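Colleague: I'm new to this one. Could you take me through one part of it up close, and then carry on from there?

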Amino acid sequence: MVVSDSNRLDLNNCSPNLAAGLAPVTSLHRCSVCDTFVEIIEQGGAEQTCCGRPMMPVLAISSGPGEKAHLPVLAHHGKSLHVSVGSRRHCATEYHHILWIELLASGQSHRKFLGPGEAAEALFNIWAGQGTVRALCSQDGLWEKGFTKIKTVPVLGKGAIPINR
Ligand SMILES: [Zn+2]
Ligand SMILES: [Zn+2]
């Protein structure tokens, strides 16, 4: 197979974020009429519309009202990262539940999708010393928690070891 010059990967022209190994960040938009979510992998020029109206950007929240039910709580289990959404249990009804939990680290995205009736938690079998965890609620928006410099702690029992930022 012949690779044409136009298809050749030009390393000098890579995205600065990916070249530096940082987590890729996508942007979310929501329709205020039908509640459709759209995720933009790379923004072009066009405006996102749905139901005949511009879609609203969904900005990440890291504190404020609803924090106890939505801000991700991180804990190490050996070399895995356990994430639960909120310090108290989030509801999981058809109308109001967590849609997904995502780990962004080392230029990678790892996401667990959830539905009604499922516990709002995820176990990522990935070692990540720093990164960002995001959780999307069907009603209360996108919640985000960053973490840095986590030490490897041996598992001495079944309990999770809380991560302090
Ligand atoms: Zn719509
Ligand atoms: Zn919620």
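Modeller: Let's start in the loop that runs between strand S3 (49–50) and strand S4 (53–54), where you'll find Cys51. Keep in mind that this is a predicted model. Cys51 isn't a glycine, yet its phi is positive, at about 55°. That catches the eye because most residues other than glycine have a negative phi. As for its surroundings, Cys51 counts as exposed because it has 11 C-beta neighbours inside 10 Å, and the cut-off for exposed is 12 or fewer.

Now hop along to Ser106, in the loop between S8 and strand S9 (108–113). Here's another non-glycine residue with a positive phi, about 50° for Ser106. Ser106 has 14 C-beta neighbours inside 10 Å, so it counts as partly exposed.

From that loop, step back into S8 and you're on the way to the largest nonpolar core, which has 20 residues. Those with the most contacts inside this core are Leu81, Val83, Ile98, Ile101, Leu103 and Ala135. Strands giving two or more residues to it are S7 (80–85), S8 (98–105), S10 (121–124), S11 (131–137) and S12 (141–147). S8 provides the largest share, five residues.

For one last close-up, pick Ile101. Leaving aside residues up to four places away in sequence, Ile101 touches Val83, Val85, Lys112, Ala122, Val133 and Ala135. Two of those names, Val83 and Ala135, should ring a bell from the list of residues with the most contacts inside the core.

Technical notes: Residues are numbered from 1 along each chain as its sequence is written. Chains are lettered from A and ligands numbered from 1 in the order in which they are written. This is a predicted model: local features need pLDDT of at least 70, side-chain atom pairs count only at pLDDT 80 or more; totals for chains, interfaces and linings use all residues. A nonpolar core is a set of buried Ala, Val, Leu, Ile, Met, Phe, Trp, Tyr and Cys residues joined through C-beta atoms within 7 Å. Helices (H or I, at least four residues) and strands (E, at least two) are DSSP runs, numbered from the N terminus. Two residues are in contact if their C-beta atoms, placed from the backbone, lie within 7 Å.
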